[in-house]
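Subject: Structure handover

Hello,

Here is the structure I promised. Please open it alongside this note; my findings follow below.

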Amino acid sequence: TVNKNSSFDRKHYFYPDLPQGYQITQLYHPIVDGGAIEILDENKVKKIIRVNRIHIEQDAGKSVHDQHPQFSLIDLNRSGIALMEIVSNPDMNSPFEASEYVRTVRSIVRSLGTCDGDMEKGSLRCDANVSVRRSGDKLGTRCEIKNLNSIKHIIAAIEHEAERQVDILESGGHIAQETRLYDVDLGVTRSMRSKEEAADYRYFPDPDLLPIILEQSYIDSIAANMPELPDAKYLRYKNV
């Protein structure tokens, strides 16, 4: 559902790579609600991954930790640029399914021309939320792995994080909800910060930005001029 009325909010949190001191996002009234992505699982069986929402958000800069032995550097080149964040429901049950989901999203945005999909350039990134559970139990505590920039890293990071959580639970420990980073060189995830709840971000409606108001005729014109999407193209070629 493309919402004809959406609005912006501020998220106050310490962002060393956002000079203004807060991030602009859409929490209460996002531009899109719902949707679904269809993938093939390991057994080539179709599976539906539900999309919770799509919102517009302000990108942060980039903290660089490997250019100086004593200091972290800040790259502000992308700070303030608008991005589209696609939030899925917890419908993926393996690293393979997560990688296929990202591949499918990448092929769609490339077909639409909304993104070049070049993960190595930061054009498309993945934040993977991982939780494990014993068979029959409800979902466990999740940890978020930030800014994965390749399909290979998505698979490796989720595999390692799942193994880490299983080891903790089997040894009698508890999973702490937190944000983690993936160390490509060592193939491990590292703690970045404890995970905050929505209240800790101190959201409130942005007082400086007007809402986005879309006419239904504008939405209809885009729908009528959509290019052929990858799945439809595949079926057309297959049935020729």
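Contact here means heavy atoms within 4.5 Å. Read the cover around helix 1 in that sense. That cover includes strand 5 (36-40), strand 6 (46-58), strand 9 (82-88), strand 10 (126-130) and helix 2 (151-170). Please keep in mind that this is a predicted model.

Overall picture

The protein chain holds 4 helices and 15 strands. Its C-alpha trace spans about 55 × 50 × 35 Å along the principal axes. The radius of gyration is 19 Å, which agrees with the value near 18 Å for a compact globule of 240 residues. Of those 240 residues, 36% are buried. Take the contacts between residues at least 6 apart in sequence: 59% of them join residues at least 24 apart. The accessible surface comes to about 14900 Å², and carbon and sulfur atoms account for 53% of that.

Helix 1

Helix 1 covers residues 95-112, 18 residues in total. From first C-alpha to last it reaches 26 Å, close to the 26 Å expected at 1.5 Å a residue. Which of its residues are buried? They are Pro95, Glu97, Ala98, Ser99, Glu100, Tyr101, Val102, Thr104, Val105, Arg106 and Val109. An α-helix has 3.6 residues a turn, so residues three or four places apart point the same way. Just after the helix, Gly113 takes a positive phi of about 80 degrees.

Lys47

Now to strand 6, one of the elements covering helix 1. Lys47 is found in this strand. Is Lys47 buried or exposed? Lys47 counts as buried, because its relative accessibility is 17% and the cut-off for buried is under 20%. The Lys47 side chain makes a polar contact of 2.6 Å with the side chain of Asn93. Beyond its neighbours within four places in sequence, Lys47 is in contact with Ile37, Glu38, Ile39, Asp91, Met92, Asn93 and Glu97. Glu97 appears again among the buried residues of helix 1.

Strand 10

Strand 10 also belongs to the cover of helix 1. Its side chains alternate. Cys126, Ala128 and Val130 point to one face and are buried. Asp127 and Asn129 point to the other face and are not buried. Strand 10 runs antiparallel to strand 11 (residues 143-148), and 4 bridges join the two. Within this pairing, Asn129 stands opposite Glu144 of strand 11.

Best wishes

Methods. Residues are numbered from 1 along each chain as its sequence is written. This is a predicted model: local features need pLDDT of at least 70, side-chain atom pairs count only at pLDDT 80 or more; totals for chains, interfaces and linings use all residues. Side-chain values use heavy atoms; hydrogens and water are left out. The expected span of a helix is 1.5 Å times one less than its number of residues. Buried means under 20% relative accessible area, exposed over 50%, partly exposed in between (1.4 Å probe, protein chains only). A polar contact is a pair of N or O atoms within 3.5 Å; within protein, one must be able to donate a hydrogen and the other to accept it, and residues adjacent in sequence count only if both atoms are side-chain atoms. Two strands pair if DSSP finds at least two bridges between them. The radius of gyration is taken over C-alpha atoms; the globule rule is 2.2 Å times the number of residues to the power 0.38. Accessible areas come from the Shrake-Rupley method with a 1.4 Å probe; for residues, only the protein chains shown count as cover.
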